[in-house]
Amino acid sequence: MKQVTKGQWGGYDTYILHSRELEVTLLPRLGNNVISLYDLKEKRQILRQPDESDQAFYMQKPYHFGIPLLIPPGRIRKGQFNYDGVNYQFDPNTTGDNHIHGLHRTQSWCVSDIEEDEEGCAVTTEFNTADDPRWMEQFPVPLKLEMTFRLQDARLRQILKVTHLGEHRIPFGIGYHTWFMLDGEPQRWNLTLPVESMYELSEELLPSGKLLPLGPLAPLNRGMHLQGTNLDTALRIGPQQPAEALMLRDDGYGFRYTADKEHFRHWVVYTKGPAEQFLCLEPYTWLPNAPNIPADSNFTGLIALDPGQTVELSTALEMIYPDR
């Protein structure tokens, strides 16, 4: 049961991690995305899964499915910023000629290791940004990215290891745009998300650098029903709060989604219109537009990477099953 098998999606190899509870399908050659997380006990798909007929759309916007990695996450005003005297220009690709959701899209990662043992199984993948000319045009700094996916029983852990191979300090940030299914039943789901405030956003959804009270979202701290919500909201985790989201259905089924609090300071919550089919829970290390916000890294979450430095960033998703 605790093994890794191979499959196919759209002509590309997939790697499937198996446990008694879950099947996790990875698509390394198209962005290293988790495109399926199937619950064997509940017989349901946990994530928004791309169908092979969606391949053209997936190639254009892979961050609309699964657990896509964003480097960096969110919007950057006009795609421009300056850091340590170096000017950067990312492609404008959204409203107002801003940039959204980073340089990582459908790049091809290679599988470097597979582990199977009595406790679980794991796949490790690698990608060097220097192999992508478009990446290097926009962010001309070579990085080595290594991702380990480890499945143990009903828990999936992702560890991203980033090594700076360049010659000068750079700003760095990641996020995950994780698409959870509501099955057309938002009235059955309750979200608990410890946060202290939300970020003021412009009409272009760019943070101003100002914090606002949670107001009608204050119930997130004790549990808030999703029916009637329409969210595209950036939220700040308080210094004494965990980076943890708890989603529970009315029968006690659900999951806990956690991140490394040392680096993940923010959540974005997105329902794609009124909550019906999807809830995106997006843990971010840096606040969107972080390099352009006049605040220190304690506020923005921007990670300063020095030459030769390595940083590890971890998240985990654990299923919760009701006692029956």
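This passage describes the sheets, pockets and salt bridges of a predicted model.

Residues are numbered from 1 along each chain as its sequence is written, and side-chain values rest on heavy atoms, with hydrogens and water left out. Because the model is predicted, local features need pLDDT of at least 70 and side-chain atom pairs count only at pLDDT 80 or more, whereas totals for chains, interfaces and linings use all residues.

We may begin with the strands. Helices (H or I, at least four residues) and strands (E, at least two) are DSSP runs, numbered from the N terminus, and two strands pair if DSSP finds at least two bridges between them. On these terms, 5 strands make up an open sheet with antiparallel pairing, in the order β1-β2-β3-β4-β5. Its edges are β1 (4-9) and β5 (44-45), each of which pairs on one side only. At the β5 edge, strand β4 (residues 33-39) is joined to β5 by 2 bridges, and the two run antiparallel. Here Asp39 faces Arg44 of β5.

A further open sheet holds 9 strands, again with antiparallel pairing, and its order is β11-β12-β13-β14-β28-β24-β23-β18-β21. The edge strands are β11 and β21 (224-225), each pairing on one side only. At one edge, 6 bridges connect strand β11 (residues 110-116) with strand β12 (residues 121-128) in the antiparallel sense. Ile114 has Val123 of β12 as its bridge partner, and the two strands β11 and β12 form a hairpin with 4 residues between them. At the other edge, strand β18 (residues 189-192) and β21 run antiparallel and are joined by 2 bridges, with Leu191 opposite Met224 of β21. In a regular strand, side chains alternate between the two faces of the sheet.

What about the empty space? Pockets were located on a 1 Å grid over the protein atoms alone: a pocket is an open set of points where a 1.4 Å probe fits, with protein on both sides within 12 Å along at least five of seven lines, and lining residues have an atom within 4 Å of a point. Grid points are joined across faces, edges and corners, and a volume is the space filled by probe spheres set on the points. The largest pocket has a volume of about 350 Å³. Its lining has 22 residues, and those nearest the pocket centre are Arg75, Ile100, His101, His177 and Asp232. At least two lining residues come from each of β22 (232-236), β25 (266-270) and β26 (278-284), and β22 gives the largest share, 3 residues. By class, this lining divides into 11 nonpolar, 7 polar and 4 charged residues (Ala, Val, Leu, Ile, Met, Phe, Trp, Tyr, Cys and Pro count as nonpolar, Asp, Glu, Lys and Arg as charged, and the others, Gly among them, as polar).

The second largest pocket has a volume of about 160 Å³. Residues lining this pocket include Asp91, His99, Arg105, Asp132, Arg134 and Trp135. Helix α2 (residues 133-138) gives the most to the lining, with 3 residues. The lining of the second largest pocket comprises 2 nonpolar, 5 polar and 4 charged residues.

Charge pairing completes the picture. A salt bridge is a side-chain nitrogen of Lys or Arg within 4 Å of a carboxyl oxygen of Asp or Glu, and the structure holds 15 of them. In one, Arg169 pairs with Asp84, the closest N and O atoms being 2.9 Å apart. Arg169 lies in the loop between β14 (155-164) and β15 (170-172) and Asp84 in the loop between β8 (80-83) and β9 (86-89), so the pair ties together parts that are 85 residues apart in sequence. For accessibility, buried means under 20% relative accessible area, exposed over 50%, and partly exposed in between (1.4 Å probe, protein chains only). Arg169, at 34% relative accessibility, is partly exposed, and Asp84, at 47%, is also partly exposed.

Arg134, one of the residues lining the second largest pocket, forms a salt bridge with Glu137, with the closest N and O atoms 2.1 Å apart. The two are 3 residues apart in helix α2, so about one helical turn separates them. Arg134 is partly exposed at 36% relative accessibility, whereas Glu137 is exposed at 54%.

Arg236 forms a salt bridge with Glu196, the closest N and O atoms being 3.7 Å apart. This pair links distant parts of the chain, 40 residues apart: Arg236 is in strand β22, and Glu196 is in the loop between β18 and β19 (197-201). Arg236 is buried, at 12% relative accessible area, while Glu196 is partly exposed, at 39%. Finally, salt bridges that share partners join Glu42, Glu185, Arg188, Arg249, Asp250 and Asp251 into one network.
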